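I am opening a notebook page on this structure. The entries below record what I looked up, in the order I looked.

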Amino acid sequence: MDKFLIKNTTRDEREKIIRDSLGCGCENCSDCDAYGAQDPYEMYQPYIDGKKEISEINNEFRANLVR
C-alpha cells in the first residue's frame, strides 16, 4: 500500500508499522529461528532507516527461501 512507502512515512511511523505488524513479541520467542529467519526487527531495519521498501525486503527474503 502506498501509505506504507518510505516517502509517505517518518522513521518513527515506519518503526511502529514494523512493530505492530510483527506483533509476536519476538524479543522473547524463537519462532523466527524455527523458520530459518533472522531477527525480524533486524531484517526490516533498512525499511525503518528509509533505505529499502518493505516489498524489496520481502522479495529478498523469499528469493533466499527458493533455491
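Entry 1, secondary structure. I take helices (H or I, at least four residues) and strands (E, at least two) as DSSP runs, numbered from the N terminus. On that basis I find 5 helices and 0 strands in the protein. Along the sequence the pattern reads α-α-α-α-α.

Entry 2, ground rules. This is a predicted model, in which local features need pLDDT of at least 70 and side-chain atom pairs count only at pLDDT 80 or more, while totals for chains, interfaces and linings use all residues. Residues are numbered from 1 along each chain as its sequence is written, and side-chain values use heavy atoms, with hydrogens and water left out.

Entry 3, confidence. I looked up pLDDT, the predictor's confidence in each residue, from 0 to 100. The protein averages 83, and 75% of the residues score at least 70. Among the elements, helix α2 (residues 31-34) has the lowest mean pLDDT, 56, and α4 the highest, 96.

Entry 4, salt bridges. I count a salt bridge when a side-chain nitrogen of Lys or Arg is within 4 Å of a carboxyl oxygen of Asp or Glu. The structure holds 5 of them. I followed one network, which links Arg11, Glu15, Arg19 and Asp49.

Within it, glutamate 15 pairs with arginine 11, with 3.5 Å between the closest N and O atoms. The two are 4 residues apart in helix α1 (residues 11-22), so about one helical turn separates them. Arginine 19 also bridges to glutamate 15, at 3.4 Å from N to O. Here too the partners are 4 residues apart in α1, about one helical turn.

What does arginine 11 meet in a salt bridge at 3.0 Å, N to O? The partner is the side chain of aspartate 49. Arginine 11 lies in α1 and aspartate 49 in the loop between α4 (45-48) and α5 (54-65), so this pair ties together parts 38 residues apart in sequence.

Entry 5, exposure of the network. I use buried for under 20% relative accessible area, exposed for over 50%, and partly exposed in between (1.4 Å probe, protein chains only). Glutamate 15 is partly exposed at 25%, as are arginine 11 at 38%, aspartate 49 at 34% and arginine 19 at 36%.

Entry 6, core. Of the 67 residues, 22% count as buried. I define a nonpolar core as a set of buried Ala, Val, Leu, Ile, Met, Phe, Trp, Tyr and Cys residues joined through side-chain atoms within 4.5 Å. The largest has 9 residues, among them Ile17, Ile18, Tyr44 and Ile48. Helices α1, α3 (40-43) and α4 each supply at least two residues of this core.

Entry 7, contacts. A contact here means heavy atoms within 4.5 Å. Which residues does isoleucine 48 touch, leaving aside neighbours within four places in sequence? I find Arg11, Arg14, Glu15 and Ile18. Isoleucine 48 is thus listed in the largest core and is also in contact with Arg11 and Glu15, two members of the salt-bridge network. Among contacts between residues at least 6 apart in sequence, 46% join residues at least 24 apart.
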